[in-house]
Amino acid sequence: MYKNFIFSLLIIASVQLFTGCSGCSDNKKSSSGDALTLPDSLITDAPLKLSEEIMNEVIGNISSPVEMAGLFKSSGVEFTQRILNNPDNVSNYVTSYKRALNLGVYSADLGYINTFDKNNVVVSYLLAVKNLADGIRVGQFFDFNQLSRLASSSANLDSLMELSVTSFNKMDSYLREQNRSNVSSLIVTGAWIEGLYLSSAIVRESGDEELSNRIAEQKNVINILEIILSNYVSEPNFADLVADVEELKKAYAPIKITTELGEPQRIEKDGSLIFIQAEISTVHYTKEDLNNIMNVIEKIRNKIVA
Amino acid sequence: MKKLLFIITISLLFFQPALHAQCGEALKKTALQEMGDAQYIKDFSILLEKSPTEAKTGMIRFNVLLNSRNHYKFNVVNGSMNADDIVMQLYDKDELLSSNLDSGKKYKSFEFICRATKVYQLVFSFTGGQEGCAEAVLSLVKQYSEGQMGL
């Protein structure tokens, strides 16, 4: 009996040992094609029904608020909490739709706060994020105690930023693995709109050219966002959001992005390779174009946080 | 004999998490450490395995939106059991823009100064089609102004 038991255990252990590496990554992907590079055929007026797999690819294409946040500080504009969504508003968000959108909004606000090293206000925003994440059953990805501990000292703000972003990425991957891409798409939309809203507020105050260009360049992203949200247009509230995004797409229509080909460069510096892209894109717009875009962004954002 | 079998069994059961650790979270932490002073944006978990009918592993592709005038870093850490180091390449559709395999030498990272906002493809593979895992990190090194882009 004992011998059989040992033998069985040995077999189980051996099988697990030799199959163990299948757990190397939880993000196994097919090697087949379907890379979504937004071909012209996808940029249409008709809503598309996309598979969960393709949706996952598309959602991952919206840029991180981290990149926008980096430009805020270099604009020279002082930090102002007034432009952020008030963390007290959390109690107003009682539906999953509102919670997911505003989870994205607060994540962009956190990026802005971290950029300016404002650890005195960061905890209330982390708490807002935690509350909303719990409300849509993804609170397990935010270790509030660890985040708060990091927030207690400005020396830890880089670690705080890294932990916040990794927590968001884990949550996003989990939602998509659980076929909850609709929730994921709302978080991404909320973060993107808030990033543009904060940029618009800074541009209105300073006229910063870099941020103005960055807002205009987002013309490339609006098509991706439209595809994402149109996929869920039959779900409650999404139709309204899609209509808002379409209005924003119209505001972006006059923006022209041209490209020219320069020389690619390869530099080896301190044992690392640096490649400089040959293609150079330039964005062309008028002040009026930009103003129209910023007006629509403000309108959508205020609707989201209401 | 029974004692020996028991020790082997227990050893195998306890050894297994170490194999998992050579990929998952521990490897990701190393990749994050090797990212250096750049600002973390995103990470990628790579697992390339052969199915019983395949002679070689293929590749894994991730789409990434990169913004103009941003200086990015892509660094990768290999699983300790990998027979070969992974190749990490950045494409714009079919055009290879940068790679950690350069003149036969494999680097742990490469940096890319983007001058056109769009969706790019980050592709991972093994030159000999081996199996293995890796963790990669995309981070932001610097943001340039319009005037600095002449470089």
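**Helices, a sheet and a core in a predicted model**

Trainee: In this predicted model, at what angle do helix H11 (residues 238–252) of chain A and helix H12 (residues 287–305) of chain A pack?

Mentor: Begin with the axes of H11(A) and H12(A), which lie 8 Å apart. The contact is made by residues of both helices, including A:Leu248 and A:Ala251 of H11(A) and A:Val296 and A:Ile300 of H12(A). The angle at which the two helices pack is about 165°.

Trainee: Is H11(A) then roughly parallel or roughly antiparallel to H12(A)?

Mentor: Angles over 145 degrees count as roughly antiparallel, and the angle between H11(A) and H12(A) is about 165°. H11(A) passes H12(A) in a left-handed crossing. The angle therefore makes H11(A), relative to H12(A), roughly antiparallel.

Trainee: How should I describe the direction of helix H4 (residues 96–115) of chain A relative to H8(A)?

Mentor: The axes of H4(A) and H8(A) are 7 Å apart, and the helices pack at an angle of about 40°. Among the residues that make the contact are A:Ala100 and A:Gly104 of H4(A), together with A:Gly190 and A:Ala191 of H8(A). Because of that angle, H4(A) is described, relative to H8(A), as oblique.

Trainee: Which helix gives the most to the largest nonpolar core?

Mentor: The largest nonpolar core has 111 residues, and those with the most contacts inside it include A:Val129, B:Ile46 and B:Ala136. The helix that gives the most to this core contributes 13 residues and spans residues 181–206 of chain A. That helix is H8(A).

Trainee: Which strands are the edge strands of the open sheet of six strands?

Mentor: The order of this open sheet is E2(A)-E3(A)-E8(B)-E3(B)-E10(B)-E1(B), and its pairing is mixed. Each edge strand pairs on one side only. The edge strands are therefore, by that pairing, strand E2 (265–269) of chain A and E1 of chain B.

Trainee: Which residue stands opposite B:Ile46 in E10(B)?

Mentor: B:Ile46 is one of the residues with the most contacts inside the largest nonpolar core. Strand E1 (residues 39–48) of chain B has 10 of its 10 residues buried, so the strand is largely enclosed by the rest of the structure. E1(B) pairs with strand E10 (residues 132–143) of chain B in the antiparallel sense over nine bridges. Opposite B:Ile46 in E10(B) stands B:Ala134.

Trainee: And what is the bridge partner of B:Val76 in E10(B)?

Mentor: Strand E3 (residues 70–78) of chain B pairs with E10(B) in the antiparallel sense, over nine bridges. In E10(B), the bridge partner of B:Val76 is B:Ala136.

Technical notes. Residues numbered from 1 in each chain as written. Chains lettered and ligands numbered in written order. Predicted model: local features only at pLDDT ≥ 70, side-chain atom pairs only at ≥ 80, totals over all residues. Core = buried A, V, L, I, M, F, W, Y, C linked by C-beta atoms within 7 Å. Buried ≥ 20, exposed ≤ 12 C-beta atoms within 10 Å, placed from the backbone. Helix = DSSP H or I, 4+ residues; strand = E, 2+ residues; numbered from the N terminus. Pairing = 2+ DSSP bridges. Axes fitted to C-alpha atoms, helices over the stretch in contact; angles between N-to-C directions. Parallel < 35°, antiparallel > 145°, perpendicular 65-115°, else oblique. Left-handed = near helix turned anticlockwise from the far one by under 90°. Contact = placed C-beta atoms within 7 Å.
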